[in-house]
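User: Please take a close look at one part of this structure: anything to do with disulfides. Then set that part against the rest of the chain. Keep it brisk, and give the cut-offs.

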Amino acid sequence: MTGKAVAWVLAVAVALAACEAEEARQAPLAPATPRLLTRSDFADLPGWGGDSAAEAIRPFLATCAGLARQPHDRAVGPGGVGGTVADWLGPCRAAIDIARDDDPAATRFFEDWFRPYAVGAPGGVADEAVGLFTGYYEPELRGARRPDGAHAVPLYRRPADLVTADPGEFGVAHDGAGLTGRVVDGRLRPYPTRAEIDGGALAGRGLELLWIDDPIDVFFLHIQGSGRVRLADGGVVRVGYAASNGRPFVGIARLLIDSGAIPRDGASMQSVRDWLRAHPDRAPEMMQANPRYIFFREFDGAGPIGAAGVVLTPLRSLAVDPAFMPLGAPLWLDTVWPPGGPDVGKPLRRLMIAQDTGGAIKGAVRGDVFWGTGDAALARAGGMKQRGRYFLLLPRAVAERRDAAS
């Protein structure tokens with residue numbers, strides 16, 4: 001290992017040891033999960049053993065570093081479906097000793113410390129174990145610190161008056177999402193829409209983080225949530241999600257399909273982008289049909305940061321719906337390769353780590369594969385609309401309690 005790698009692993013180990021020093025208290029399992037998860041064996045995982053499991057160790061250890069900073073008795077996942085932080089300490093300690101090129105040892109590690117569960121929609125219908133898997137990537141944009149003739153589209157910081165309320169704190173039942181808006185005359189009001197912000201609702205407040213040369217690139221950055229910006233002075237900065245305006249996400253691909261502007265079987269990020277560029281007179285109105293607006297922050301790091309707070313790894317990080325899946329958990333993905341390469345249509349089966357979320361990622365069997373940065377990643381991510389399934393790997397201690405309770 002390099003010096004940086006050794007220091008990083010030691011930091012994980014120290015954090016885990018500190019966390020383990022406290023006495024663990026188990027959290028109850030979510031009552032709905034027995035129908036969502038069906039106990040399986042590793043032999044049931046299509047293609048298990050054919051993947052480089054060692055490549056999943058480093059992103060898994062990134063999960064461990066995040067867990068080690070949390071209280072030992074904190075529930076992992078919705079309703080504690082992943083047990084508690086304490087249940088993950090043993091696997092996390094064991095993973096530190098796995099070399100990144102030792103696939104047999106990594107495979108044995110996951111088989112020894114985890115138990116797989118087939119994921120299906122609540123109700124147990126077999127067809128509902130198959131869902132949609134899409135892709136996303138980190139775009140590259142061209143920008144500047146100050147506006148000029150070439151760079152005139154702002155990326156905004158999070159506004160100070162943007163607030164989020166949790167209805168549950170007031171005893172109001174809700175679906176887990178908070179209410180986002182701003183306080184006007186003593187009442188929480190919706191925040192301005194994309195059209196209103198494009199029209200100048202935030203202008204003059206000093207919120208501009210960077211200035212970009214292309215409004216269509218900015219629109220797709222809002223969808224992806226993070227990106228790299230090459231500055232006119234030669235520098236490169238990374239920007240990531242800071243907040244949204246709380247408005248619902250509307251996919252304009254669906255609107256273009258319904259209007260007959262693009263064919264259903266040809267819909268992709270690339271085809272939507274091409275249509276917007278070919279119709280500059282209609283593009284602003286079409287983009288503003290999605291009222292959701294994203295605010296950004298600048299950060300340092302080797303890659304984009306996911307919702308789990310760790311750097312995403314190409315073809316190892318998966319965005320999931322946190323209403324069903326625990327962030328940080330390993331998942332065995334079973335789908336097929338998307339267009340963009342010679343392997344299109346062949347089985348895509350690999351160990352992923354749930355490290356991100358997304359506004360359009362909703363449902364028990366739903367995932368978004370992170371493909372990396374730039375045009376090559378876009379070629380894969382843009383056309384990915386594959387059917388597939390996945391298996392959730394839970395720590396052995398959690399599985400034993402589940403089995404005893406069933």
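Analyst: Start with one term: a residue is buried under 20% relative accessible area, exposed over 50%, and partly exposed in between (1.4 Å probe, protein chains only). This is a predicted model, where local features need pLDDT of at least 70, side-chain atom pairs count only at pLDDT 80 or more, and totals for chains, interfaces and linings use all residues. Residues are numbered from 1 along each chain as its sequence is written, and side-chain values use heavy atoms, without hydrogens and water.

The structure holds 1 disulfide (two cysteine sulfur atoms within 2.5 Å). Its partners are Cys64 and Cys92, with an S to S distance of 2.1 Å. This pair ties together distant parts of the chain. Cys64 belongs to helix α3 (residues 57-68) and Cys92 to helix α4 (residues 85-95), and 28 residues separate the two. Helices here are DSSP runs of H or I with at least four residues, strands are E runs of at least two, and both are numbered from the N terminus. What handedness does the disulfide have? The torsion about the S-S bond of Cys64 and Cys92 is about -90°, so the disulfide is left-handed. Are the two cysteines buried or exposed? Cys64 and Cys92 are both buried.

Now the α4 side of the link. Helix α4 is mostly covered, with 8 of its 11 residues buried. Cys92 is one of those buried residues. The others are Val85, Asp87, Trp88, Leu89, Gly90, Pro91 and Ala95. Asp87 is thus a buried member of the helix too.

Next, the connection between the two helices. Pro71 sits in the loop between α3 and α4. Pro71 has a relative accessible area of 47%, so it counts as partly exposed. Along the chain, Pro71 and Thr84 are 13 residues apart. Their C-alpha atoms are 9.1 Å from each other.

Another helix offers a second look at burial. In α9 (residues 269-278), the buried residues are Met269, Ser271, Val272, Arg273, Trp275 and Leu276. Their cover includes one strand, β3 (131-138). It also includes the helices α7 (215-224), α8 (252-258), α10 (283-288) and α11 (375-381). Cover is counted through contacts, meaning heavy atoms within 4.5 Å.

Two loop residues deserve a backbone check. Most residues other than glycine have a negative phi. Asp185 has a positive phi near 55°. Asp185 is in the loop between β7 (179-184) and β8 (187-190). Its relative accessibility is 78%, so Asp185 is exposed. Leu315 has a positive phi as well, near 60°. The loop that holds Leu315 runs between β12 (294-299) and β13 (317-319). At 15% relative accessibility, Leu315 is buried.

Finally, the whole chain. Its secondary structure amounts to 12 helices and 17 strands. Of its 406 residues, 48% are buried. Take the contacts between residues at least 6 apart in sequence: 78% of them join residues at least 24 apart. The exposed area of the chain is about 18,700 Å² (Shrake-Rupley method, 1.4 Å probe), and carbon and sulfur atoms supply 52% of that area. Back to the part you asked about: Cys64 and Cys92 form the 28-residue link between α3 and α4, and both are buried.
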